[in-house]
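Here are my comments on the model, as numbered points. Please read them with the coordinates open.

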Amino acid sequence: MQESWNEYLKSLSPALRELRGGSTDVMKGFSAIAQAALKPQALDTKTKELIALAISVAVRCDDCIGFHAKGAMEQGASREEIFETLGTAIYLGAGPSVMYAAHAIEAFDQMKTEKAAA
């Protein structure tokens, strides 16, 4: 488990900045995909962040969990919505998803608490 998910995400910034500079066209393309995928259409952005969080758990990506827990929180997701999302991820990903779901709720709770304190 992470001591601080916000600090963890900040620690990724230098490497991501380096990647953006070294693979400019690829990262611009990835950014365009992310913006298009999160654009509210039939589904709102909060729902899309919740889907991304469930996928993050199912594929066992801590970095993705951090970014999408934060995105869901920033889009106004409730703790209950997070738990329902994690239940779906667990259903699809079985035992390993249970462990990563614990990471996701921890990330969401830490970020929510830090935001409330700020």
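Which residues of α4 are buried? Point 1 takes this up.

1. **Helix α4.** The buried residues of α4 are Ile65, Gly66, Ala69, Gly71, Ala72 and Met73. Bear in mind that this is a predicted model. The cover over these buried residues includes α1, α3 and α5. α4 runs to 13 residues. From its first C-alpha to its last it reaches 18 Å, close to the 18 Å expected at 1.5 Å a residue. Just after α4 comes glycine 76, with a positive phi of about 90 degrees.

2. **Helix α3.** This helix is mostly covered, with ten of its 14 residues buried. The buried set is Thr45, Lys46, Lys48, Glu49, Leu50, Ala52, Leu53, Ala54, Ser56 and Val57. Among what covers them are α2, α4 and α5. The span of α3, first C-alpha to last, is 20 Å, close to the 20 Å expected at 1.5 Å a residue.

3. **Isoleucine 55.** Where does isoleucine 55 lie? Its place is in helix α3. Isoleucine 55 counts as partly exposed because its relative accessible area is 49%, and exposed would require over 50%. Its C-alpha is 9.2 Å from that of glycine 93, a residue 38 places away in sequence.

4. **The nonpolar core.** The largest nonpolar core holds 22 residues. Those with the most contacts inside it are Leu53, Val57, Ile65, Ile82 and Leu86. At least two residues each come from α1, α3, α4 and α5 (79-117). Which helix supplies the largest share of this core? That is α5, with nine residues. Two of the names recur from the points above: Leu53 and Val57 are buried in α3, and Ile65 is buried in α4.

5. **Isoleucine 82.** What does isoleucine 82 touch? Leaving aside residues up to four places away in sequence, its contacts are Leu50, Leu53, Ala72, Ala77, Ile105 and Phe108. Of these partners, Leu50 and Leu53 are among the buried residues of α3. Ala72 is among the buried residues of α4.

6. **Alanine 77.** This residue sits in the loop between α4 and α5. Is alanine 77 buried or exposed? Alanine 77 is buried, because its relative accessible area is 1% and the limit for buried is under 20%. Its contacts, again without residues up to four places away in sequence, are Lys46, Leu50, Ala72, Ile82, Phe108 and Lys112. The C-alpha atoms of alanine 77 and threonine 47 are separated by 8.5 Å, with their positions 30 residues apart along the chain.

7. **The largest pocket.** How much space lies in the largest pocket? The value is about 820 Å³. The lining has 25 residues, and the closest to the pocket centre are Phe30, Ala34, Leu38, Phe67 and His68. Elements giving two or more residues to the lining are α1 (5-22), α2 (24-38), α3 (45-58) and α4 (62-74). The largest share, eight residues, comes from α2. By class, the lining has 14 nonpolar, five polar and six charged residues.

8. **Serine 31.** Serine 31 lies in helix α2. It is partly exposed, with a relative accessible area of 32%. How far apart are serine 31 and proline 96 in space? They are 29 Å apart, C-alpha to C-alpha, and 65 residues apart in sequence.

9. **Positive phi outside glycine.** Please look at two residues here. Most residues other than glycine have a negative phi. Arginine 60 has a positive phi near 60 degrees. Arginine 60 lies in the loop between α3 and α4, just after α3. With a relative accessible area of 37%, arginine 60 is partly exposed. Alanine 94 also has a positive phi, of about 60 degrees, although it is not a glycine. Where is alanine 94 placed? Its place is in helix α5. Alanine 94 is partly exposed, with a relative accessible area of 45%.

Technical notes. Residues are numbered from 1 along each chain as its sequence is written. This is a predicted model: local features need pLDDT of at least 70, side-chain atom pairs count only at pLDDT 80 or more; totals for chains, interfaces and linings use all residues. Side-chain values use heavy atoms; hydrogens and water are left out. On a 1 Å grid over the protein atoms alone, a cavity is a set of points where a 1.4 Å probe fits but cannot get out, and a pocket is an open set with protein on both sides within 12 Å along at least five of seven lines; lining residues have an atom within 4 Å of a point. Grid points are joined across faces, edges and corners, and a volume is the space filled by probe spheres set on the points. Helices (H or I, at least four residues) and strands (E, at least two) are DSSP runs, numbered from the N terminus. Ala, Val, Leu, Ile, Met, Phe, Trp, Tyr, Cys and Pro count as nonpolar, Asp, Glu, Lys and Arg as charged, and the others, Gly among them, as polar. A nonpolar core is a set of buried Ala, Val, Leu, Ile, Met, Phe, Trp, Tyr and Cys residues joined through side-chain atoms within 4.5 Å. Buried means under 20% relative accessible area, exposed over 50%, partly exposed in between (1.4 Å probe, protein chains only). Contact means heavy atoms within 4.5 Å. The expected span of a helix is 1.5 Å times one less than its number of residues.
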